[in-house]
Amino acid sequence: MTEAALETRGLSKSFGALRVANSIDFRLEKGARHALIGPNGAGKTSFVNLLTGALQPSDGTIHLNGADITHLSQSARVKHGLARTFQINTLFRGLCALENVTLAIAEREGVAGTLLRPAGRHRAIIEEAFDLLASLGLADAALEPVGVLAYGRQRLVEIAVALGLAPKVLLLDEPAAGIPSGESGVILAMLERLPPEISILIIEHDMDLVFRLATTITVLVQGSVLIEGPPDAIADDLRVREVYLGDRRR
Amino acid sequence: MGLATGRSAVIDSFARRHRFRAFEATPWVLAVAGYFLLPGYLPLGAQIFATILFVLSTDLVLGYAGIVTLGQAAFFGTGAYTAGILAANGWGEPISDLVAAAAMAGLVGLLSGLIILRTTGLALLMQTLIVATMLYELANKAGRWTGGDDGLQGMEVWPIFGVFRFDLFGHAAYIYSLVVLSIGWFAARRIVNSPFGRSLTGARENVARMRAIGAPVARRLLTIYAISAMMAGAAGALIAQTTSFVGLTSLSLERSGNALIMLIIGGVGRLYGAFLGVPLFMIAQDRFSEIDPVYWYFWIGALMVAVVLFARGGVLGLIERLRR
């Protein structure tokens with residue numbers, strides 16, 4: 001078997017009696033477009049927090065491109081190429097969009113802890129940040145404080161900050177959350193254009209988006225993997241229909 | 001900002017934010033003019049410069065890094081007592097005493113920061129207060145070195161470079177304090193405009209995202225906490241050296257609190273809030289205590305309420321809004 005971009009073995013996490021991750025074995029193949037779905041409270045965001053290091057697992061291992069990252073800090077995992085976005089916008093609201101992305105690139109380039117040169121003299125970083133924003137259609141918003149942008153555009157900045165880290169693996173936690181379903185096409189179009197070498201795990205409730213983007217879908221229920229497979233197999237599975245698609249709201 | 005549209009125009013306008021602008025010369029022009037125009041007020045001027053440096057150190061942690069502190073006096077007092085004890089015990093060379101004071105305060109900042117910066121919010125606020133209170137009691141008990149409640153007396157501060165004597169008229173004190181303030185201001189300005197400084201602002205705006213982009217947030221906060229402590233220590237040393245006296249109030253909650261009030265009046269996180277807030281506070285104090293000698297602090301409180309309710313961002317915040 002080839003090396004996975006991201007792999008967990010027996011990954012578990014308990015908060016007292018509550019098991020949010022129950023021995024999860026999971027593989028994200030290189031270049032994958034993999035969706036993680038499940039009803040509210042299934043443990044999807046906890047799973048992402050375990051992958052990024054925001055939570056420490058009670059048991060199990062996490063490998064990124066073959067390297068064991070189970071005990072690495074959040075920032076060390078980012079240096080290894082693991083980036084995430086947040087379900088609820090987690091941005092530097094008072095700073096302009098350009099600075100939001102600049103901060104991420106400066107971290108990636110390892111200059112963010114330096115004092116010698118003003119930030120404005122690191123011009124290559126600012127140019128890269130601007131071009132990244134422009135590629136997402138945000139050029140006109142570059143100097144606007146992120147907090148005043150329309151919600152949908154903030155969702156794009158949310159992804160732009162993660163892309164600024166030049167990730168090998170990108171974890172998207174409900175990128176279309178809070179956007180009217182008719183407008184999620186902007187997000188989808190943008191995700192479809194992401195370079196194929198970035199392996200993507202997407203958590204999403206918007207089933208149109210999931211079924212149009214993902215080539216593999218994993219269904220998580222109560223902290224355990226219920227089933228994994230290609231979209232049509234998932235859509236036809238009776239158990240999935242029962243626990244999840246049965247009460248789909250969108 | 002809305003005018004910049006093309007790629008290079010946008011990038012230029014962002015990349016030039018750290019450049020000097022004309023208004024930034026104002027405090028220095030006023031300070032030099034004050035030396036010639038108000039010769040009777042030089043000792044007061046020296047106090048104002050040292051206090052600005054102290055409030056500026058508070059702005060670095062509170063305004064830029066978002067560390068809410070009620071214990072900045074811990075470092076001010078550490079610096080004041082370090083310079084004072086050295087000068088009272090046979091080494092009154094001012095510049096080396098100033099450096100020793102800043103280093104000692106920085107060390108206290110580093111060691112206390114290692115412990116207390118693990119917490120955030122209210123817990124952190126209380127711990128900054130506790131550090132200052134503990135040092136206050138330490139200085140109170142160590143009367144043999146600090147003079148305790150009576151204050152430290154008998155400082156002999158030598159002339160600067162062996163030439164310029166600290167005298168009653170305050171010529172040397174004024175220029176000395178102004179030079180140290182300008183060095184502190186220049187350093188602070190470099191820091192807040194550096195990638196390191198910007199990353200602190202990122203941590204203030206959203207610490208979860210800062211961690212998610214791989215920033216070692218704890219280490220960066222500790223670094224700025226120690227730098228700010230050094231600056232506060234230098235400010236304390238300046239007051240000690242130019243007044244030849246250190247009292248327990250240099251470690252008091254009132255001093256930390258007043259620094260916050262001055263900063264909030266001037267404007268937090270704007271680098272020049274200290275330069276406006278300190279003189280305004282002093283003028284307000286002078287006016288209010290003349291009108292109402294007993295309850296003047298009540299009016300300072302009323303002024304604070306007005307600023308918080310109607311002028312968020314202090315005087316600088318008001319100016320920014322009026323210019324839009």
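## A tour of chains A and B

Begin by colouring the two domains of chain A separately: the centres of domain 1 of chain A and domain 2 of chain A, taken over C-alpha atoms, are separated by 25 Å. To make these selections, take residues 1-81 together with 167-250 of chain A for domain 1, and residues 90-166 of chain A for domain 2. Keep in mind throughout that what you are viewing is a predicted model, for which the scores are ipTM 0.90 and pTM 0.92.

Next, look at where the two domains of chain A meet. Domain 1 of chain A brings 10 residues to this contact, while domain 2 of chain A brings nine residues. If you now select residues 185-192 of chain A, you will have helix α6, which supplies three residues, the largest share of the side of domain 1 that touches domain 2.

Now turn to a sheet in chain A. In which order do its strands lie? Reading across this open sheet, the four strands of chain A follow the order β2-β1-β4-β5, and their pairing is antiparallel. Select residues 18-28 for β2 and residues 67-68 for β5 of chain A, and you will have the edge strands, each of which pairs on one side only. As general background, the strands of a sheet pair through hydrogen bonds of the backbone, in either a parallel or an antiparallel way.

Stay with this sheet and select residues 6-15 of chain A, which form strand β1, along with residues 59-64 of chain A, which form strand β4; these two strands pair in the antiparallel sense over five bridges. For a single pair of residues to inspect, show A:Arg9, which stands opposite A:Thr61 in β4 of chain A. Then add residues 44-52 of chain A, helix α1, which packs on the sheet and touches β1, β2 and β4 of chain A. The direction of helix α1 of chain A makes about 65° with that of β2 of chain A.

Finally, move to chain B, whose secondary structure comes to 15 helices and zero strands. The radius of gyration of chain B is 20 Å, close to the 20 Å that the globule rule gives for 324 residues, so chain B is as compact as a globular protein of that length. If you rotate chain B to follow its principal axes, its C-alpha trace spans about 65 × 45 × 45 Å. Buried residues account for 50% of the 324 residues in chain B, and among its contacts between residues at least 6 apart in sequence, 76% join residues at least 24 apart. When you colour chain B by confidence, note that its mean pLDDT is 94 and that 98% of its residues reach 70 or more.

Conventions: Residues are numbered from 1 along each chain as its sequence is written. Chains are lettered from A and ligands numbered from 1 in the order in which they are written. This is a predicted model: local features need pLDDT of at least 70, side-chain atom pairs count only at pLDDT 80 or more; totals for chains, interfaces and linings use all residues. Two strands pair if DSSP finds at least two bridges between them. Two residues are in contact if their C-beta atoms, placed from the backbone, lie within 7 Å. Axes are lines fitted to C-alpha atoms, for helices over the stretch in contact, and angles run from 0 to 180 degrees between N-to-C directions. pLDDT is the predictor's confidence in each residue, from 0 to 100. The radius of gyration is taken over C-alpha atoms; the globule rule is 2.2 Å times the number of residues to the power 0.38. A residue is buried if 20 or more other C-beta atoms lie within 10 Å of its own, exposed if 12 or fewer, and partly exposed in between; C-beta atoms are placed from the backbone. Domain bounds come from an automatic or database domain assignment.
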